[in-house]
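I sat down with this one and wanted to keep a short record of what I looked up. Here are my notes, in the order I went.

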Protein chains: 2
Amino acid sequence: MNKEPDFNLNDLKFDQEETAQEWVYRALRFAIMSGQLQPSQALTIRQIAGILKVSAMPVREALKRLTAEGALTIKANRRIIVPTLVPARLAELIELRVELESFAAIRAMPYLDEVRINQLETINDQQNDAFEKRDFHGIILGNQNFHRTLYTAHPHSVTMPMIEQLWLQIGPLHRLSVAKLPEHYTHDRHCDIIHSLKHHNPFGLKSAIEADIRESIGFLTESDLLTNYGDNLPLPKPGYVKSLKHI
Amino acid sequence: MNKEPDFNLNDLKFDQEETAQEWVYRALRFAIMSGQLQPSQALTIRQIAGILKVSAMPVREALKRLTAEGALTIKANRRIIVPTLVPARLAELIELRVELESFAAIRAMPYLDEVRINQLETINDQQNDAFEKRDFHGIILGNQNFHRTLYTAHPHSVTMPMIEQLWLQIGPLHRLSVAKLPEHYTHDRHCDIIHSLKHHNPFGLKSAIEADIRESIGFLTESDLLTNYGDNLPLPKPGYVKSLKHI
DNA sequence: TTAATTTTAATGTGATCACAATTAAAGAAA
DNA sequence: TTTCTTTAATTGTGATCACATTAAAATTAA
């Protein structure tokens, strides 16, 4: 008999339009992206199939897809695990995020009209609310939503899927990074981004994007990666950061 | 009964160590990368299974993986096809290639010792030989080999898989671009790259990479994409480009 | 010939079983 | 208790079948 699972995947409802494998994929992807799965954790086909009450077939396809996207790793013995990150690799991922997201932002800039910028402001307000409420998922998802809305303003964004791939690979560290966030997040870079967009300032935009990325994840140290992965870490108390809205 | 296939996949031998799905994946990937599959061409599970003499199962997994990597596309009716490129998307892909490959090259620069540079020179010679011999595959594979050897000098290259993903997406156009190559390829940018590496010149490296990419694919016009995909186009005659080695 | 309709074939998805390889558990020997 | 051996359970992979949906072919009607 399968062991009881130590993680939850039932956050997402099944949409009648989609196939079973798409649903399984969404559920697993969401779990990884929002830091619910621990690095080095093994994922087995039958266990996930049992949790989601589907057969093994759609789970196989979903795991294959996530593996191809770098969200999961196949070990030499063919076991599928959530990948661990050595510090040098994390550093590379962050540099690449800076590179790609700056690129995407600059390219999207001409397409950001007033409507889109208002969207960004709304999303940012929601994210700040989530921060005050210690809403773990809200912070992460709000941040991703903000960046995605920015980059996809460009109608032919080839870059966005690649950026999401990077988010997927960093995903398992998000629980840790958010827990340590108040120590480093003293300035709302999203406001800087919006400000630069309004004033058509590509250099300001680029540096704001870079600062936002580095301050949200770049501070993780080697010992952070080696000693723990942020499970059971307390989330920041509301009001720790006085104000996230200035400028 | 299945129709006779109009493409060949038997270029790669089956390695006893690998699984069937890995072999199928390699075969399909190679075919796409080297421009053997036409855009909008449909790939069916049973047809490929018939060609490669395997069951449907490993083909399903391989197609799922390639789809996740952007090498194939699933249409609304769930049919799997080789994706077509609208001009705007190709332009984005090229810009992203320039961005990522410049980044990877600069990052790899400190790791390029004399041994590695000699490797690059050898590969470049081989590629020029392939050009003289009108060796279609040799040109494409040699070029990829050159760039891959350069970028993977960095021990923690997170970028390389993403660059390969871009190559995969442009792959179906390679037959066309190589056929039109002599009209635009009048200067061996690979020599420029090597020269910049030897003199530790990051700016020269970046501009050489950019020029190499644009001159190898960036010249494709809208009508090139819409009217044909380069099948049955004659390859350049040997000696058309007098000398690929100068500087 | 052309257009609309029916019939047939083919396709991706999902389920289930078999199998070899790996891992975990149990037992034996020190 | 500790170490080694043996046994049992679990794993990913592959094969085969059923099924609903879609595409293609055949048929009919104009």
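**Helix H5 of chain B**

I started with helix H5 (residues 114-132) of chain B, which has 19 residues and reaches 27 Å from its first C-alpha to its last, close to the 27 Å expected at 1.5 Å a residue. Note to self: this is a predicted model.

Next I asked which residues of H5(B) are buried. I found Leu120(B), Ile123(B), Asn124(B), Gln127(B), Asn128(B) and Phe131(B). Looking down the axis of H5(B), I saw the buried residues fall within an arc of 140°, so they line one face of the helix. That fits the textbook picture: an α-helix has 3.6 residues a turn, so residues three or four places apart point the same way.

What do the buried residues of H5(B) pack against? I got helix H6 (136-151) and helix H10 (189-198) of chain B. On the other side of H5(B), I noted Glu114(B), Val115(B), Asn118(B) and Thr122(B) as exposed.

**Positive phi values**

Past the end of H5(B) I ran into Arg134(B), which has a positive phi, near 55°. Most residues other than glycine have a negative phi, so I wrote down two others with positive values.

Lys53(A) has phi near 55° and sits in the loop between H2 and helix H3 (56-68) of chain A. I counted 9 other C-beta atoms within 10 Å of Lys53(A), so I have it down as exposed.

Ser40(B) has phi near 75°, and its place is the loop between H1 and strand S1 (42-43) of chain B. Is Ser40(B) buried, exposed or partly exposed? Ser40(B) is partly exposed, because 13 other C-beta atoms lie within 10 Å.

**DNA strand D**

I then turned to the DNA. There are 20 residues around strand D, and Ile45(A), Thr19(B), Ala20(B), Gln21(B) and Ser55(B) come nearest. Helix H2 (45-52) of chain A, plus helix H1 (20-33) and helix H3 (56-68) of chain B, each supply at least two residues of this surface. H3(B) gives the largest share, four residues. By class I have eight nonpolar, seven polar and five charged residues near strand D.

**Where chains A and B touch**

Last, I checked the contact between the chains: 18 residues come from chain B and 18 residues from chain A. On the chain B side, H3, helix H4 (87-108) and helix H7 (159-170) each supply at least two residues. H4(B) gives the most, with seven residues. I sorted the chain B side into eight nonpolar, three polar and seven charged residues.

Terms used. Residues are numbered from 1 along each chain as its sequence is written. Chains are lettered from A and ligands numbered from 1 in the order in which they are written. This is a predicted model: local features need pLDDT of at least 70, side-chain atom pairs count only at pLDDT 80 or more; totals for chains, interfaces and linings use all residues. A residue is near a molecule or strand if its C-beta atom, placed from the backbone, lies within 6 Å of it. Ala, Val, Leu, Ile, Met, Phe, Trp, Tyr, Cys and Pro count as nonpolar, Asp, Glu, Lys and Arg as charged, and the others, Gly among them, as polar. Two residues are in contact if their C-beta atoms, placed from the backbone, lie within 7 Å. A residue is buried if 20 or more other C-beta atoms lie within 10 Å of its own, exposed if 12 or fewer, and partly exposed in between; C-beta atoms are placed from the backbone. The expected span of a helix is 1.5 Å times one less than its number of residues. The arc is that of the directions from the helix axis to the C-beta atoms.
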